[in-house]
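Hi,

Here is the structure I promised to pass on. Have a look at it first, and my notes follow below.

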Amino acid sequence: MPAIFQKIDKIRPAYDVIYKAVLFLCKVLLVVDILITTMAVAGRYISFIPDPAWSEEVVLTCMSYMAVLSAALAIRRGAHIRMTAFDRYLPPKLVRCLDIVADLAVLALAVIMITVGWKYATGIGSKGTYVSMPKVSRFWMYFPVPLAGVAMLVFEVEALYNHVKSFFVKEGME
């Protein structure tokens with residue numbers, strides 16, 4: 001294996017840590033979602049349990065974070081929906097080239113999500129507040145987009161590296 005790949009492969013533990021951190025954040029958000037939703041539903045039927053006005057907005061915000069962050073996680077696992085129906089009919093090198101083209105497109109999307117998402121979060125988001133929580137900025141409602149863009153960028157760089165590496169390193173020779 002060329003020496004450059006051996007050096008770059010030493011970064012892999014950093015990707016593992018980032019992946020585990022994003023996965024942990026998604027799990028925490030899911031637990032928060034479940035707890036708040038349970039409290040809100042129970043509060044409608046059980047008189048001594050509060051049904052806070054802010055529960056719906058917080059649950060929806062947590063869900064938006066989970067949706068975009070879990071999509072970023074899927075990049076690392078290669079679990080995104082993709083067209084593979086013709087892969088078995090095409091030469092393997094062409095399939096790898098098409099994978100790289102797809103990686104570049106997703107990389108461009110990540111950059112767009114970061115730049116446009118940040119503009120929206122700091123622009124529109126900073127000007128408003130949640131209806132039920134007037135002290136909390138709507139920045140937090142728009143922030144999942146650039147945050148997920150950063151996660152996508154990190155994981156897509158790794159995927160792109162792995163696809164490029166596959167041209168130079170045969171499977172099993174790592």
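Among contacts in the chain between residues at least 6 apart in sequence, what percentage join residues at least 24 apart? The answer is 72%. Please keep in mind as you read that this is a predicted model.

On the overall fold, the chain has 7 helices and 0 strands, so its pattern along the sequence reads α-α-α-α-α-α-α. The radius of gyration is 21 Å, well over the 16 Å that the globule rule gives for 174 residues, so the chain is more spread out than a compact globule. Its C-alpha trace spans about 65 × 35 × 35 Å along the principal axes. Of the 174 residues, 32% are buried.

Next, the largest pocket, which holds about 650 Å³ of space. It is lined by 28 residues, and R82, D99, A102, D103 and H163 are the closest to its centre. Helices α3 (55-77), α4 (92-122) and α7 (144-168) each give at least two residues to this lining, with the largest share, 7 residues, coming from α7. By type, the lining of the largest pocket has 16 nonpolar, 5 polar and 7 charged residues.

One residue to look up in the viewer is S55, in helix α3. With a relative accessible area of 7%, S55 falls under the 20% cut-off and therefore counts as buried. Its side chain reaches the backbone oxygen of P52 at 3.1 Å. Leaving aside residues up to four places away in sequence, S55 touches I36 and A40.

Best wishes

Definitions and conventions
Residues are numbered from 1 along each chain as its sequence is written. This is a predicted model: local features need pLDDT of at least 70, side-chain atom pairs count only at pLDDT 80 or more; totals for chains, interfaces and linings use all residues. Side-chain values use heavy atoms; hydrogens and water are left out. On a 1 Å grid over the protein atoms alone, a cavity is a set of points where a 1.4 Å probe fits but cannot get out, and a pocket is an open set with protein on both sides within 12 Å along at least five of seven lines; lining residues have an atom within 4 Å of a point. Grid points are joined across faces, edges and corners, and a volume is the space filled by probe spheres set on the points. Helices (H or I, at least four residues) and strands (E, at least two) are DSSP runs, numbered from the N terminus. Ala, Val, Leu, Ile, Met, Phe, Trp, Tyr, Cys and Pro count as nonpolar, Asp, Glu, Lys and Arg as charged, and the others, Gly among them, as polar. Buried means under 20% relative accessible area, exposed over 50%, partly exposed in between (1.4 Å probe, protein chains only). A polar contact is a pair of N or O atoms within 3.5 Å; within protein, one must be able to donate a hydrogen and the other to accept it, and residues adjacent in sequence count only if both atoms are side-chain atoms. Contact means heavy atoms within 4.5 Å. The radius of gyration is taken over C-alpha atoms; the globule rule is 2.2 Å times the number of residues to the power 0.38.
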